[in-house]
Amino acid sequence: MESATVNLWDKAGSVLEGNWNGKYGMTVPSHKLYPYQWSWDSGFIAMGNSYLNIDRAMAEIDNLFSAQWKNGMLPHVVFYEPSDTYWPEPKYYDIGRSDNSPAHMLTSGMTQPPIHAISCYYIYRNAGKHARKFLDRILPKLQAYHRYLLTDRDPEHSGLATILHPWESGMDDTPIWDDVIAKIVMNNAGSLPEYKRKDVEAVDNRGGERPIGNEYRAFIYLVDLMKECNYDERLMQARSPFRIKDVVFNSVFYVANKCLLELASALGRPESETEEIKCWMALQKSGFQLFKACLSGKTVYYDYDLAAGRQVQKLTSSCIVPLFTGMLGERDAADLASMIRQDNFCGTGRCAANLVPSCALDAKEFDPDRYWRGPFWVNVNWMAYYGLLHHGYRNQARMIRDGIFQLVSEHGFREYYHSITGAGLGGKNFSWTAALVLDLLYHESRETPIGRIMPL
Ligand code: 2M8
């Protein structure tokens, strides 16, 4: 590696080191702002640590899964000890209302994109025999999680899991659910929950980068509704105004199933398990038709709002993420690659780097510094990178990778970046940004696990 990249490698490693919590065997996303263990953050972190410290990578996943619910649900936050810098606090979720919740731990009552089988595939490729015992105990848990997503979370048998809260998508305030949120606010005018937020204090929020007040109140309204339903899956789906088949969640899920299948075959799991995964993948593949649409003669993918019975046709970074699945035909892939090159994404020269902003530049909702409504996020661009590479758009993929390197070199490992100025925003020393930079740096010289899995 050249000295600039060695430098980045070392810096990324120290971010993960600094965020590691040895007492509980997990890594926080960023001190103060996110003081607990977050599910998909830990998935990305384990990928990064699979290059640096395989024992930590395994501990990260083991500890997360020790909080798995009895129905297979993997909670999006695991609370170890109280912190006064984040709200909702551990007890707010009151998970004892559900017979499925673990008795020994405090967790949230919802999930997040199921990235973890991909992380376990990284561990398998990078650890060899050392990971055997870990994989033997984690595989049944992954299988149970994926089964939960395609049964309890897909009563329609569509092959697509439904999310019941914006936080389950990981892209909290994306414009995709503006209409649903607006309806919740309108229907509950004057009665939305009041509380004291801590996230706006934990981060320098002078620019107002975090989600706005009404959005946050609607988020808490939805948590309260889940609690009222005692986290009963059927009841939640019958009562919730927020029921979305989400493109990013389901794209990640498809790749996770690819990895799970590889792992199950490599470890000699029973045929019933590998067959089950193959059936899921076939169903998922046909399910993606629900997302497919045509925009100016080109294929694009949109979320589907089950409650409204229609696609949510908003141009955000989600639209191009199906590239990451590797399941698209060459024409559809070419359409998405060209969309990334267009003026309203990377093409204008208006942006600080050649990266995909979280919302299209010409959308009325575009806001270059507000959370998931315009800034650059490294994890979504990492997905775009591998998707482009897989479909043969090598130069375009390199532009994305270089854009990420440019931002972290100039502005540090931040949670997200202003898409016009490139300024770092949100949490500092952010774990998944560091972890994914490690993966991209490694990919410079050698094949990475995800690079191997894509052709499947
Ligand atoms: C953000 O979400 C949390 C709620 O889960 C929050 O805003 O308080 C999202 O960016 C999510 O994707 C991420 O996992 C989490 C921790 O980094 O922060």
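Me: What counts as a polar contact with the ligand?

Reply: A polar contact is a pair of N or O atoms within 3.5 Å. This model is predicted, so read each distance as computed from it. An N or O atom in the D41 side chain is 2.6 Å from an oxygen atom of the ligand.

Me: How far from a ligand oxygen atom are the polar side-chain atoms of H76 and Y34?

Reply: For H76, a polar side-chain atom lies 3.0 Å from an oxygen atom of the ligand. For Y34, the distance from a polar side-chain atom to a ligand oxygen is 3.4 Å. Taken alone, the ligand exposes 420 Å². The protein buries 100% of that area.

Me: Where does the ligand sit?

Reply: The ligand occupies the largest cavity.

Me: Which residues around the ligand come nearest?

Reply: There are 18 residues around the ligand. D41, Y86, G170, D172 and Y371 come nearest.

Me: How do the shell residues divide into nonpolar, polar and charged?

Reply: The shell has 12 nonpolar residues, three polar and three charged.

Me: Now V321. Is V321 buried or exposed?

Reply: Buried means under 20% relative accessible area. V321 has 1%, so V321 is buried.

Me: Which elements flank the loop that holds V321?

Reply: That loop runs between β11 (310–312) and α13 (330–341).

Me: How many residues along the chain separate V321 from H157, and what is the C-alpha separation?

Reply: V321 and H157 are 164 residues apart along the chain. Their C-alpha atoms are separated by 22 Å.

Terms used
Residues are numbered from 1 along each chain as its sequence is written. This is a predicted model: local features need pLDDT of at least 70, side-chain atom pairs count only at pLDDT 80 or more; totals for chains, interfaces and linings use all residues. Side-chain values use heavy atoms; hydrogens and water are left out. A residue is near a molecule or strand if one of its heavy atoms lies within 4 Å of it. A polar contact is a pair of N or O atoms within 3.5 Å; within protein, one must be able to donate a hydrogen and the other to accept it, and residues adjacent in sequence count only if both atoms are side-chain atoms. Accessible areas come from the Shrake-Rupley method with a 1.4 Å probe; for residues, only the protein chains shown count as cover. On a 1 Å grid over the protein atoms alone, a cavity is a set of points where a 1.4 Å probe fits but cannot get out, and a pocket is an open set with protein on both sides within 12 Å along at least five of seven lines; lining residues have an atom within 4 Å of a point. A molecule sits in a cavity or pocket if more than half of its atoms lie within 2 Å of its grid points. Ala, Val, Leu, Ile, Met, Phe, Trp, Tyr, Cys and Pro count as nonpolar, Asp, Glu, Lys and Arg as charged, and the others, Gly among them, as polar. Helices (H or I, at least four residues) and strands (E, at least two) are DSSP runs, numbered from the N terminus. Buried means under 20% relative accessible area, exposed over 50%, partly exposed in between (1.4 Å probe, protein chains only).
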